[in-house]
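Here is a short set of exercises with worked solutions. Have the viewer open, try each task yourself, and then compare your steps with ours.

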Amino acid sequence: MSRCKEWLKDTTNLAYLTMILVWLTTVITIKGFARLGHNVSTLQTAALMGFAVLGQAVVVISGGIDMSVSEIITLSSVTCAACIKAGLPTPVAMGIALLACMLVGAFNATSIVFLKVPPIIQTVAAGCIIEGTLLVLTNGTPPAGCGKLLSWMSKGKPLVVTNAFWIWMAVYAILWWMMNRSKFGRYVYAIGTNVNTAKNSGVHVTKMNYMIYMLSGFCAGISGILMLGNIGSTYLTIGDPYQLYSIASVVIGGIAITGGKGKFSGVIAGTILTVLIRDILNVMSISEAFRNIFQGLLVLVLLLAYGRERRAR
Amino acid sequence: MNEHTKSIASLTDRLPNQHKKLLSVYITFCVFLIAELIMDPLILKSYSRMWPLSLQFAPLMLCAMSQGCIMLVGGINLSLGASLSLATTIAAVTMFEGAGGTVGGIVATLVSGMAIGLVMGTVVTFGRLPDIIVTLAFSYIWNGAALLVLSKPGGHIPSAYSGFLQSQGVVPFAIIMILLLLVFWKIIKNTRLGINIYAIGGNAKASFESGIHVRLTKILAYIISGLFMSGAALVLVGQTGCGDPTIGNAYGTKSIAAAILGGFSFSGGIGQMKGAVLGAFIYIAIENVLFFSGFSSFYQYIIQGAILIAAIGLKVVSYYRRGGEGA
Amino acid sequence: MRKITRKWFGSMMAVCLAASSLAACGGSSGGAASTTAAQAETTTAAQAATTAAESKAEEEPKSDSKEGGYKIGWSTIYLTPSWMQETSGLMDACIEKYKADGVISEYSIANADGDTSAQISQIENMIAEGYDAIILDAGSSDALNQVVEKATSQGVVVVNFDSLVTTDKVTCRIGTSDAEYGRLCAQWLVDTLGGKGNIIVFSGPAGVAVSDGRESGAMEILEQNPDINIITTLHSEYNSAPAMEVLNPVLDANEVDGICALGGSLASASLTAVLDKGLDMIPICGENYNGFLRQWSDLVDDGFESFAVCQPNWLGVLAVEQSIRILNGEDYDQDVVVPIPAIDNNNLSEFVPNDYSDDWYPIADITEDQIQKYLTPGA
């Protein structure tokens with residue numbers, strides 16, 4: 001019994017438990033949700049935004065926040081589309097797009113480390129700059145370009161679920177290893193818990209910040225490229241809805257927004273749970289007003305269930 | 001000396017310095033005031049230009065004050081845009097023709113603004129949840145609520161009320177309203193509540209240990225923030241003549257940026273309402289300068305982003321050079 | 001010492017910000033800034049005089065008093081969506097023509113980027129700058145009424161197109177009817193389904209006048225047909241990625257006989273979702289969004305029938321033409337309602353294939369005859 005209680009105290013376990021319970025309820029109560037096709041498309045939706053959530057999670061654990069995720073997604077999909085349109089082979093185009101995203105990450109880290117701009121402001125400002133630059137360069141209409149290879153990478157289903165999902169799992173596995181088994185992860189948690197202590201105990205905070213924000217840019221970049229592959233074209237607001245979702249998913253996954261706490265593995269549960277909640281609300285025949293209200297309330301309920309801070313004061 | 005008296009001592013020590021702290025904000029303000037005057041010299045020629053300008057600046061100024069209030073207690077409000085939309089829709093359905101109906105609507109809007117603050121403040125404190133996430137969740141809720149009240153722009157704002165906001169008197173009403181709220185804040189700031197708000201923003205744990213009622217203080221800060229926000233809604237409905245369930249979206253990020261430009265800090269406990277007002281002025285002046293200089297509006301984003309980083313970066317560097325007080 | 005450093009940094013910052021603001025002035029039109037300012041003064045002074053004398057300023061011919069041509073501004077709520085880009089391009093071409101003839105001396109675009117309040121300020125700025133005519137694509141049906149009334153009362157011609165304001169004081173409104181848009185789509189769907197079936201109504205973002213207008217128009221028709229069962233009404237931004245995410249679960253959970261998509265990208269997303277799921281082809285109505293038209297024309301051989309309405313981009317051109325007519329003192333109608341062009345299987349081949357990207361709205365250019373027909377009063 002006490003063991004069970006102990007297990008439930010872990011927010012990550014709670015997140016996974018909630019995810020499974022919600023999923024089972026939908027499968028039983030909503031006709032058609034048991035079909036494999038539906039679950040594949042749910043996982044595809046989760047995977048496409050999931051990359052950005054992976055990066056956001058690392059940033060949040062390190063005590064920061066990345067508000068430029070939406071614009072980085074747009075940047076990578078537009079860059080990739082432009083490169084493919086210009087005739088570059090798909091892998092090269094993807095490489096250029098990801099490089100651009102990592103440059104944004106490096107820019108974020110530079111300001112945060114050297115100018116001491118708070119992460120939230122720096123990333124909002126970076127978002128503005130990317131948005132403006134893309135508008136000026138594309139004059140509002142991004143070039144359309146998407147090869148067969150990219151479509152296949154995103155939508156192809158050689159192994160039951162779409163390739164995007166498998167890529168998501170692969171990136172997750174690598175990041176999981178980094179966060180749990182390597183020095184990188186230990187340092188990220190150390191910085192998130194207390195920057196000064198981390199610094200004093202020999203963590204190279206500057207270098208770590210660069211790695212963290214570039215990683216976040218890289219992950220959001222994959223999201224953008226695969227979104228391009230999924231719908232075959234892109235537009236300048238493609239990333240916008242995912243800014244708040246990426247933060248919500250991280251927190252629903254049991255990671256503390258204040259940094260340093262929560263297991264990285266919660267991101268998968270958080271992402272899928274976010275998508276499930278939206279699916280349920282869309283299937284219900286209610287007005288948009290109530291969909292919004294219930295979405296907010298459900299997030300709050302989940303947070304009250306396991307996102308609470310220790311009673312320290 | 002216990003923590004409480006110490007924090008009060010450090011505050012009283014700080015208060016006379018407040019103008020020095022805002023020095024960089026003042027200077028930036030002057031630069032942009034001059035820029036605004038050069039670009040839009042009609043302000044000097046015709047005093048009546050003050051009215052549209054005051055209506056242009058006032059909503060963001062009030063939103064920045066609202067955001068600043070939450071930042072003082074160490075939080076951030078991501079739902080400000082959605083709650084602003086909600087407040088405009090409430091104003092549009094509660095106001096009726098005639099003096100009684102108009103005043104009734106104004107009171108209803110202000111009360112619901114404070115209620116919005118109360119609800120969020122309560123969830124943040126009693127739910128022991130971080131402000132950023134709670135306000136994020138509430139942004140969906142207020143959005144939905146605004147759509148419930150009005151499914152599209154509409155409602156009714158008495159023309160006498162809009163006329164009053166736009167009528168040409170001695171000083172634009174919107175400016176009087178901001179000055180009144182600034183005085184209101186000044187009074188609060190010197191009461192125990194105000195001192196507590198600054199104290200818990202600086203260090204919640206120490207404040208608690210020194211006997212400050214942290215929860216109550218935080219909830220009250222949220223209520224005051226809601227009051228400022230509904231003030232912004234009242235100016236907006238006067239300007240537009242209707243409620244609009246999506247009008248607030250644009251103010252979310254802008255209010256944060258304006259508060260930051262005005263000298264507020266994310267770690268809480270630092271910042272002044274005057275600063276928020278000036279920050280909002282600077283923010284809109286940037287937009288106006290771009291407009292009048294005929295720049296493609298696409299450059300607006302780039303320049304705004306760059307100025308945001310530069311303003312904070314320079315400020316932080318100057319703090320750093322002075323001996324690393326941090327920001 | 002501390003004080004000095006602080007001051008030093010303060011002035012540093014001031015210099016930097018001043019430099020940035022100066023750069024902003026100097027970049028594109030440093031010299032122009034002062035001249036426009038001077039112009040603004042003279043024109044408003046002149047206007048103040050004329051408005052004082054005549055209450056119906058727009059009916060008086062102004063052309064003789066204007067030496068250097070008209071100063072026209074376009075205030076738009078958005079400029080980035082491709083529909084706006086296309087409209088902007090058509091308007092630019094028209095403006096260039098008039099600039100070459102010396103009819104228009106100055107033209108500028110103010111993009112509010114979704115912020116209605118900013119749009120109000122921009123119109124205020126245009127009034128202050130002494131624009132002769134303001135072309136307006138409104139961000140809100142009601143919120144801009146007061147500023148529009150102010151502009152027209154000061155003798156500025158306000159020609160509103162596409163997304164319309166409700167005030168009667170606007171000089172001229174040119175547009176299609178949103179409700180008619182919805183009615184056309186819904187009627188086609190009802191007819192195709194033979195008056196019965198389970199359908200999804202797929203509308204644009206909630207709380208916005210355009211999507212609300214289309215939705216209520218569609219509902220009007222659908223409610224007249226009791227055998228049509230509306231499964232649910234969905235809302236999404238007018239973009240395919242979020243539209244697909246919203247639609248997918250609903251398609252999985254229900255037997256759907258038809259989708260009443262009230263927007264081009266919504267239709268494209270619906271069609272893609274149906275194809276991806278391997279469902280039987282169901283009737284989906286749409287708009288002249290290129291992505292949708294292409295998918296449709298690929299499926300024509302498989303027997304797919306559809307129907308698409310157009311919100312014509314040349315509404316912007318009509319607005320430019322109309323404002324010049326009004327400024328020249330010609331007669332005009334206050335409300336110009338342009339019939340909604342439609343595409344069906346018969347005339348689809350006129351639009352596709354083409355060289356545009358998916359995110360584009362192919363439409364036939366407006367002819368001189370059409371302009372005459374729509375803008376001549378009483379037509």
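**Exercise 1. The surroundings of Phe304(C)**

Task: Find which residues Phe304(C) touches, leaving out residues up to four places away in sequence.

Solution. This is a predicted model, so local features are used where pLDDT is at least 70.
- Step 1: Locate the residue. Phe304(C) lies in the loop between α9 (290-299) and β10 (306-309) of chain C.
- Step 2: List the partners. Phe304(C) touches Leu271(C), Met281(C), Ile282(C), Ile284(C), Trp296(C), Leu299(C) and Asn345(C), with residues up to four places away not counted.
- Step 3: Take one partner and compare sequence with space. Ile282(C) is 22 residues from Phe304(C) along the chain, and their C-alpha atoms are 8.1 Å apart.
- Step 4: Classify the burial. The relative accessible area of Phe304(C) is 3%, and the cut-off for buried is under 20%, so Phe304(C) counts as buried.

**Exercise 2. A covered helix in chain C**

Task: Check the length of helix α8 (residues 264-276) of chain C against the value expected at 1.5 Å a residue, then work out what covers its buried residues.

Solution.
- Step 1: Compute the expected span. The helix has 13 residues, and the rule multiplies 1.5 Å by one less than the number of residues, which gives the expected 18 Å.
- Step 2: Compare with the model. From first to last C-alpha, α8(C) reaches 18 Å, close to that expectation.
- Step 3: Count the buried positions. In α8(C), 11 of the 13 residues are buried, so the helix is mostly covered.
- Step 4: Name some of them. Leu271(C), a partner of Phe304(C), is among the buried residues of α8(C), and others include Gly264(C), Leu266(C), Ala269(C) and Val274(C).
- Step 5: Identify the cover. Elements of chain C that cover these buried residues include β6 (197-203), α7 (240-253), β8 (258-261), β9 (284-287) and α9.
- Step 6: Look past the end. Gly278(C) follows α8(C) and has a positive phi, near 70 degrees.

**Exercise 3. Two residues with partners in another chain**

Task: For Gln146(C) and Ser41(A), decide whether each is buried or exposed, and list the contacts of each beyond four places in sequence.

Solution.
- Step 1: Start with Gln146(C), which sits in helix α4 (residues 145-153) of chain C. Its relative accessibility is 18%, so Gln146(C) counts as buried.
- Step 2: Collect its contacts. Beyond its neighbours within four places, Gln146(C) contacts Ser162(B), Gln166(B), Gly238(B), Gln239(B), Thr240(B) and Gly241(B).
- Step 3: Turn to Ser41(A) in helix α3 (residues 36-61) of chain A. Ser41(A) has a relative accessible area of 13%, so it is buried too.
- Step 4: Collect those contacts. With neighbours within four places left aside, Ser41(A) is in contact with Asn248(C), Asp252(C) and Lys277(C).

**Exercise 4. The interface of chain A and chain B**

Task: Describe the interface of chain A and chain B by its residues, its buried area and its salt bridges.

Solution.
- Step 1: Count the residues. In this interface, 45 residues of chain A are in contact with 42 residues of chain B.
- Step 2: Take the area. About 3900 Å² is buried between chain A and chain B, and carbon and sulfur atoms give 80% of that.
- Step 3: Search for polar links. The rule finds zero salt bridges across this interface, and zero residue pairs in polar contact when both residues must have pLDDT 80 or more.
- Step 4: Assign the chain A side. Here α5 (90-115), α6 (119-138), α12 (242-252) and α14 (288-306) of chain A each supply at least two residues.
- Step 5: Sort that side by type. The residues of chain A that touch chain B comprise 28 nonpolar, nine polar and eight charged.

**Exercise 5. Chain by chain**

Task: Tabulate helices, strands and burial for each chain.

Solution.

| Chain | Helices and strands | Buried residues |
|---|---|---|
| A | 14 helices, zero strands | 60% of 313 |
| B | 16 helices, zero strands | 64% of 327 |
| C | 11 helices, 12 strands | 60% of 379 |

Terms used:
Residues numbered from 1 in each chain as written. Chains lettered and ligands numbered in written order. Predicted model: local features only at pLDDT ≥ 70, side-chain atom pairs only at ≥ 80, totals over all residues. Heavy atoms only, no water. Contact = heavy atoms within 4.5 Å. Buried area = accessible area lost by both parts, 1.4 Å probe. Salt bridge = Lys/Arg side-chain N within 4 Å of Asp/Glu carboxyl O. Polar contact = N/O pair within 3.5 Å; in protein donor to acceptor, adjacent residues only side chain to side chain. Helix = DSSP H or I, 4+ residues; strand = E, 2+ residues; numbered from the N terminus. Nonpolar A, V, L, I, M, F, W, Y, C, P; charged D, E, K, R; others polar. Buried < 20%, exposed > 50% of the residue type's maximum accessible area, 1.4 Å probe, protein only.
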